[in-house]
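Work through the following exercises with the sequence and the 3D view side by side. Try each task before you read its solution.

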Amino acid sequence: MVEFIHDLLIILIAGLVAGVVAKRLGFSMLVGHLLAGAVIGHGGLGLIAEDMQEIEYLARAGALLLLFAIGIEFSLEELVRLSRYFFLGGSVQMALVAAPVFLACVLASVFWKSAILIASAVALSSTVLVFRALAEWGETASPQGRRAIGILLFQDVALVPLMLLVPLLAGKEEGPLAWSYLQLALNSVLFVTAVLVLRKVFARWMVPILSGLRSVELVVLFSLIVLGGFCLGAVKAGLPPALGAFAAGLALSGNRLTGQIDALILPYRESFGVVFFVSLGTLLNLGVLKDAALLMCAALLAVLVVKAAGATIALRVTGLPWRAAAGMGLGLAQLGELSFVLLSEGLRANLVDAATYNRMLFVAIGTLVLTPPLLKTGLRWTRQSSVEGYQPEPGLKRLPALPQEAIVIGLGPIGRQAASQLEMMGVDVCLIDLSPVNLYPFAQQGFRTVSGDARESEVLERADAAHTRLAVVSVPEDRTAMQIVKTLRSLNPACSIVVRCRYGVNTSSLEKAGASAVVSEEAEATGAVRRLLQDMDSW
């Protein structure tokens, strides 16, 4: 027990230090956790024991909670809405990536069953990183964003048959191969049917009961029971427990408690997730990779090119212009969290040996390190034409030169778009919102965030509003916006303040309060309707 506590403490400390360093340097904490594992593991400092059976249980819990989170954020309604991009874009992307990777593995004398697993893992992208980036940069509703989300959803669903395929590839199934594949198909159908039925049962009976009781403790207990029950049911049915975790999240998605459950499970998911990724990193032996450094760098470059090209073609097939498709394709060029889950299952099933796993881990970490600059470059490509084509309303005031720092208050759709645009232009943006939940994903990406009521000078002082050159106020109520403008102006008379205004009648009042420029929703909507009516002849 003492050795277990010692190893767990070392892993958590390593995860904390790696997370701080990753945030300071501006790259994904996932990369930091993997590298921290490599440092403390057997190929590094050797700070933990070689036999980590108890730690492995916690690591598996982290993987299950990760898949549970993916499932609970998965929307069947969104899937129906994006069905065209889901089936066409997703299948084309995975095929165009998996096929060349499989061929390269076979040519490199990798056993064909192992090559299938490796190619499938490489075809998966990071749903968490890409989806959060699209949401934070206001691209989820854009044409390229919708298509990218459709491809990511297809990859999430594809994990189900891929996980079921692992025991078949490992040769653990008894009987003829045809019968094994028939069982796979039957298990998949039963799996999907059970999830859909239980999802309706929970939404109709359990969710209203728990909502009426208004007890956080009961919601947490119910969620953990569902998670454990689905994992146990998957094992009893001969399926991987990871599929049960994904199914549990899917069964609890799309109802009034979904957001609350996701927020309540977040501390467990993040804590156990650190153990999972740091433990995976302990298997990385950097010393073994020294002898093949050039080969590994070439493999990293090849994976980036193949994945970006495959995603670009898939996005183009769904009707996206080449420029936007290439930009979004860069954002899908990394390996994702589910790639590690699939590879770890292959390692346990002896489909992938330790040396191959080391090489794959190096390539995966390399793609994740390069993800932020690739995403930023790609989104700049996709946005350039829309930004160049924007025509402001007549009479809208022009602002001074671009500042180095800015504040965005209110993280609704307009606020997110403003923050994204400023960040793309190289401005250091500080975000203010009443909800810490709204700020959390932005903080994960390196934005400065302040939680609180911007009408209070103390909150604005924490955001260093007294020295900022630009502030964007995007709150839904004009009265609140007016109070924020007055407080801002009292702290910083020289600041340029851009205000989103709902009703045109309040424009003059906001300008008198100190706003430098006011964008009226009524005026913008009126102008858009007039232009639309003028162009009726071209319909």
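**Exercise 1. Check the length of helix H14 against its number of residues, and describe its surroundings.**

Solution. Begin with the definition: helices (H or I, at least four residues) and strands (E, at least two) are DSSP runs, numbered from the N terminus. Helix H14 covers residues 293-317, which is 25 residues. The expected span of a helix is 1.5 Å times one less than its number of residues, so H14 should span 36 Å, and its end C-alpha atoms are indeed 36 Å apart, which agrees.

This is a predicted model, in which local features need pLDDT of at least 70 and side-chain atom pairs count only at pLDDT 80 or more, while totals for chains, interfaces and linings use all residues. Residues are numbered from 1 along each chain as its sequence is written, and side-chain values use heavy atoms, with hydrogens and water left out.

Next, look at burial, where buried means under 20% relative accessible area, exposed over 50%, and partly exposed in between (1.4 Å probe, protein chains only). The buried residues of H14 include Met296, Leu300, Val303, Leu304 and Lys307. Finally, H14 is followed by glycine 319, whose phi is positive, near 105°.

**Exercise 2. Which residues does leucine 300 touch, not counting residues up to four places away in sequence?**

Solution. Leucine 300 is found in helix H14, and it counts as buried because its relative accessibility is 15%. A contact means heavy atoms within 4.5 Å, and on this basis leucine 300 touches Val363, Gly366 and Thr367. The C-alpha atoms of leucine 300 and alanine 364 are 8.0 Å apart in space, although the two residues are 64 residues apart in sequence.

A similar reading can be made for leucine 153, which is found in helix H8 (residues 143-169) and is buried, with a relative accessible area of 10%. Its C-alpha atom is separated by 7.9 Å from that of threonine 127, and these two residues are 26 residues apart along the chain. For the chain as a whole, residues 24 or more positions apart account for 72% of the contacts with a separation of 6 or more.

**Exercise 3. Is arginine 214 buried or exposed, and where does it lie?**

Solution. Arginine 214 sits in the loop between helix H9 (177-213) and helix H10 (216-236). Its relative accessibility is 75%, so it counts as exposed. Arginine 214 has a positive phi of about 50° although it is not a glycine.

Now compare aspartate 464, which also is not a glycine and has a positive phi of about 60°. Aspartate 464 is placed in the loop between helix H20 (457-462) and strand S4 (470-473), and it is partly exposed, with a relative accessible area of 32%.

**Exercise 4. How many aromatic pairs does a search of the whole structure find?**

Solution. Rings of Phe, Tyr and Trp (its six-membered ring) pair if their centres lie within 6.5 Å; planes under 30 degrees apart count as stacked, over 60 as edge-to-face and the rest as tilted. The search finds six aromatic pairs. The rings of phenylalanine 276 and phenylalanine 277 have their centres 4.9 Å apart and their planes at 65°, so this pair is edge-to-face. Both phenylalanine 276 and phenylalanine 277 are buried. Elsewhere, Phe86, Phe87 and Phe154 form one aromatic cluster.

**Exercise 5. What is the mean pLDDT of the chain, and where does pLDDT stay under 50?**

Solution. pLDDT is the predictor's confidence in each residue, from 0 to 100. The mean pLDDT of the chain is 82, and 87% of its residues reach 70 or more. Over residues 385-396, however, pLDDT stays under 50, and the model has nine contacts beyond four places in sequence for this stretch. Where pLDDT is low, the predicted coordinates should not be read in detail.

**Exercise 6. How many disulfides does a search of the whole structure find?**

Solution. A disulfide is a pair of cysteine sulfur atoms within 2.5 Å, and the search finds zero of them. As for the cysteines themselves, cysteine 105 is buried, with a relative accessible area of 13%, and cysteine 430 counts as buried at 1% relative accessibility.
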